[in-house]
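I opened the notebook to look up overall form first and empty space second.

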Amino acid sequence: MRTQVAIVGAGPAGLVLAHLLATNGIESVVLESRERDYVERRIRAGVLEQGTVDLLHQLGLDTRLRREGMVHRGIELRFEGQSHRIPLSDLTGGRAITVYGQQEVVKDLIAARLEVGGQILFGAEAVSIDDITSTRPLVRFRHEEQIETLEADFVAGCDGSHGVSRSAIPAEVLQIFQKDYPVAWLGVLAAVAPSTEELIYAYHQRGFALHSMRSPQLSRLYVQCTPDDQLDNWSDDRIWSELHQRFAMDGWSLAEGPLVDRSITPMRSVIAEPMQYGRLFLAGDAAHIVPATGAKGLNLAVSDVRVLAGALADWYSSGRTELLERYSGTCLRRVWRVEHFSWWMTSMLHRFDGEGPFEHRLHLSQLRYVCGSTAAATSLAENYVGLEQV
Ligand code: APR
Ligand code: PHB
């Protein structure tokens, strides 16, 4: 098989890239190791930045997003039994976030791609990426028990944090920056109307909690746990008890409902530098991971492929290589800004092992400052809705 751009992975990064390339008349084939059903059901985060929504709109991929997505113009920070609203839109010239599950984005992107005859091969696991310093890089993949090859002008490694693309970059070239936070989130989906209109980020001496949502009938809740925690340690009663305590506020109550999904996500930061080598370009989780606190993973993936698509379009139309050569440098400026923001939100909102009353008061002081100072609140808000320039 041969194509112009071989895309490994049908997550948000690979799928948005396929769409962007198509609008520039560039052909691609997406290889996805899992089956379509699995990819469309995988529950992930659900906050889209203004820029991500704008891009989906430009691509004509926002029909269902506009109907079902929930536009939020603020978030709540809750601590010491009180809620403080950060008015995101007022502080950012009208920008907002949209709450819409990542798997819904993925469903929309797959359907729209297949509808126009775009090629996505499910059950096709890339096993190696070869000849990346030549002009004919090659992806070897396993499909229906056979090893097949896909030759291309370029390869986009969009295969997430457990993929193979990153390891195709020689170890002596690649630098990995990593931080494992000593905290994790137990996330549940509860079949009950959200108890709040806007997201609530709660800091409590017992630890962090987050109230998010997926629809008017579905709440998405998270409670801080430890990275080595097991789901077996968390009965439904314990989950609800911790959530009630951490969100507690006079005159407000948390509605309970059946838990329909649960998982544990450790908080991690990982950055691979450079994000390119020869004709291989990494994008999204294949190149970097952010802790979930800033809700940035999907948005950062989309921002990478926007840069990549622009650079590839420039190469195909004019043969210029400058934008392609600058790909990694351009992306990494945003990656590090977002890593910093996610680290800062994580540090402010969680309780860490060994912390005592001194650190507790520092958390509270920081939170009061963010809520009380327009300058500090604006800093949070502009990062949260997504910076236009970095
Ligand atoms: N061959 C083909 N596909 C692969 C391979 C492989 N060897 N390895 C992994 N994949 C697929 C995965 O099954 C997945 O569907 O690559 C896809 C990567 O998608 P994501 O993990 O969603 O990563 P990305 O597109 O970068 O999106 C980033 O995803 O992890 C979340 O929170 C993160 O929201 C962020 C977003
Ligand atoms: C989610 O809805 O899954 C979500 C929302 C906000 C976050 C992280 C996850 O910061």
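My entries on the fold and its voids follow.

**Ground rules.** I am working with a predicted model, where local features need pLDDT of at least 70, side-chain atom pairs count only at pLDDT 80 or more, and totals for chains, interfaces and linings use all residues. Residues are numbered from 1 along each chain as its sequence is written, chains are lettered from A and ligands numbered from 1 in the order in which they are written, and side-chain values use heavy atoms, with hydrogens and water left out.

**Overall form.** I looked up the secondary structure and found 12 helices and 20 strands. These are DSSP runs numbered from the N terminus: helices are H or I with at least four residues, strands are E with at least two. I then checked the radius of gyration, taken over C-alpha atoms against a globule rule of 2.2 Å times the number of residues to the power 0.38. For 390 residues a compact globule would come near 21 Å, and the protein chain agrees because its own value is 21 Å. Along the principal axes, the C-alpha atoms fill a box of roughly 65 × 40 × 40 Å.

**Burial and contacts.** Of the 390 residues, 54% count as buried (under 20% relative accessible area, 1.4 Å probe, protein chains only). Among contacts with a separation of 6 or more, 71% join residues 24 or more positions apart; contact means heavy atoms within 4.5 Å.

**Second largest pocket.** A pocket here is an open set of points on a 1 Å grid over the protein atoms alone, with protein on both sides within 12 Å along at least five of seven lines; lining residues have an atom within 4 Å of a point. I read about 390 Å³ for the second largest one. Its lining has 20 residues, and Ser303, Arg306, Arg334, Leu387 and Glu388 are the closest to its centre. Helices H3 (50-58), H8 (297-318) and H10 (327-349) each give two or more residues. H8 gives the most, with 5.

**Cavities.** A cavity is a set of points where a 1.4 Å probe fits but cannot get out. I searched the whole structure and got 3 of 30 Å³ or more. The largest holds about 60 Å³. Which residues line the largest cavity? I listed Glu49, Lys296, Arg334, Arg337, Val338, Phe341, Asn383, Gly386, Leu387 and Val390. H10 gives the most to this lining, with 4 residues. Arg334 and Leu387 appear in my pocket entry too, among the residues closest to the pocket centre.

Terms used
Grid points are joined across faces, edges and corners, and a volume is the space filled by probe spheres set on the points. Buried means under 20% relative accessible area, exposed over 50%, partly exposed in between (1.4 Å probe, protein chains only).
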